[in-house]
Amino acid sequence: MDVLPYKTNPYSGVLPEPNALPKTAKAFKEQLAFSLEHYRSQGFKIVWLEIPVAKAKLVAVATKLGFTFHHATEIYLMMTLKLSADAGMLPYATHYAGVGGVVLDENNNILVVRENMRDDRPTPFKLPGGFVDVGEHLEAAAVREVWEETGIKAKFESLVCVRLWHANRFGKSDFYFVCRLSPLTYDITPQEAEIAECRWMPVSEYLQRSDVHAFNKGIVSLALKNNGWVSGWFEGYEASNTEREMFMARD
């Protein structure tokens, strides 16, 4: 019997090729059990078993051989089996990321929105913003969210503040990045599905309103008096800036 084809990672992990998994449960059980003995003999410490949705019937077989669930996406389920007690295992999806935009014009007005709510909760004015998409830079996310919610085209200026909130959605921690932007257009077109109201408001009025959360008041005040961190890069740093993003204090 052949060992399931596999790749390895630098952490003594073995990753069977998903496309090489047998189609029938019986064949999978026999070949996986045989392969596990081989992986152990080679000194591997953990198996990362990716099962495509099309082969979901193999999941039950893997659980009977000791595999547990690690994470799932729309197209596969990842399962793991520790072959050694000291095997290290990276958790999955420990954090979410969101952005908010402090958009200030030359007359000291701030762009604010009120969200549509499906219940009776109050809807105070807040900053436009939302989730960062997978593979999206913060700078691009801030500009995109402002555009989608308000119809305002804006230019990223700086990163003002980062908030970390533990045990938020699904029990995961949440990073919220507040960015300062300057408007390139001024005519508002609210996103009807999500936004109940959007307008330019004098900063002084926004900071005095009793229905504005203290956190929002704090970050707007910070954006007014602090230049924040700008997007930058280190000379000679060979990593791709399409995959990485950095912010640093102004010179």
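## Cysteines

At 10% relative accessibility, Cys-198 counts as buried. In this predicted model, the cysteine sulfur closest to that of Cys-198 belongs to Cys-179 and lies 17 Å away, which is too far for a bond. Cys-179 is itself buried, with a relative accessible area of 0%.

A search of the whole structure finds zero disulfides. Cys-179 is accordingly in no disulfide, and the nearest cysteine sulfur to its own, that of Cys-161, is 10 Å away. Because a disulfide requires two cysteine sulfur atoms within 2.5 Å, the separation of 10 Å between the sulfurs of Cys-179 and Cys-161 does not qualify.

## Overall dimensions and composition

The protein has 251 residues and a radius of gyration of 25 Å, whereas a compact globule of that length would have a value near 18 Å. Taken along the principal axes, the box filled by the C-alpha atoms measures roughly 75 × 50 × 30 Å. The accessible surface comes to about 14700 Å², and carbon and sulfur atoms contribute 53% of it.

The secondary structure consists of five helices and 13 strands. Of the 251 residues, 39% count as buried. Among contacts with a sequence separation of 6 or more, 62% are made by residues 24 or more positions apart.

## The five-stranded sheet

Five strands form an open sheet with mixed pairing, in the order β1-β2-β3-β5-β4. Its edges are β1, residues 6-8, and β4, residues 68-72, each of which pairs on one side only. On average, neighbouring strands of this sheet are turned by 25 degrees against each other, direction ignored. Helix α1, residues 25-41, packs on the sheet and touches β1, β2, β3 and β5, the last of these spanning residues 76-82. The direction of α1 makes about 155 degrees with that of β3.

In general, the strands of a sheet pair through backbone hydrogen bonds, either parallel or antiparallel. In this sheet, the parallel sense is found between β2, residues 13-16, and β3, residues 46-52, which pair over two bridges. Val-14 stands opposite Val-47 in β3, and Val-14 is also the bridge partner, in β2, of Thr-8.

## Two antiparallel hairpins

Strands β1 and β2 run antiparallel and are joined by three bridges. Their hairpin has four residues between the strands, and Ser-12 takes a positive phi near 60 degrees there.

Strands β4 and β5 also run antiparallel, and four bridges join them. The hairpin that they form has three residues between the strands. Across this pair, Thr-68 stands opposite Thr-80 in β5.

## The surroundings of Thr-80

Thr-80 is found in strand β5. Its relative accessible area is 4%, so Thr-80 is buried. Not counting residues up to four places away in sequence, Thr-80 touches Ile-46, Val-47, Trp-48, Gly-66, Phe-67, Thr-68, His-70 and Met-89.

Several of these contacts can be placed in the sheet. Ile-46, Val-47 and Trp-48 are among the residues touched by Thr-80, and β3 covers residues 46-52. Thr-68 and His-70 are likewise contacts of Thr-80, and the edge strand β4 covers residues 68-72. In the sheet order, β5 stands between β3 and β4.

## A buried loop residue, Val-212

Val-212 lies in the loop between α4, residues 203-208, and α5, residues 214-225. Is this residue buried or exposed? At 5% relative accessibility, Val-212 counts as buried, because the limit for a buried residue is under 20% relative accessible area.

Leaving aside neighbours within four places in sequence, Val-212 is in contact with Phe-125, Tyr-206 and Lys-217. Tyr-206 falls within the range of α4, and Lys-217 falls within that of α5. Phe-125 is 87 residues from Val-212 in sequence, yet their C-alpha atoms are 6.3 Å apart in space.

Terms used: Residues are numbered from 1 along each chain as its sequence is written. This is a predicted model: local features need pLDDT of at least 70, side-chain atom pairs count only at pLDDT 80 or more; totals for chains, interfaces and linings use all residues. Side-chain values use heavy atoms; hydrogens and water are left out. Two strands pair if DSSP finds at least two bridges between them. Axes are lines fitted to C-alpha atoms, for helices over the stretch in contact, and angles run from 0 to 180 degrees between N-to-C directions. Contact means heavy atoms within 4.5 Å. Buried means under 20% relative accessible area, exposed over 50%, partly exposed in between (1.4 Å probe, protein chains only). The radius of gyration is taken over C-alpha atoms; the globule rule is 2.2 Å times the number of residues to the power 0.38. Accessible areas come from the Shrake-Rupley method with a 1.4 Å probe; for residues, only the protein chains shown count as cover.
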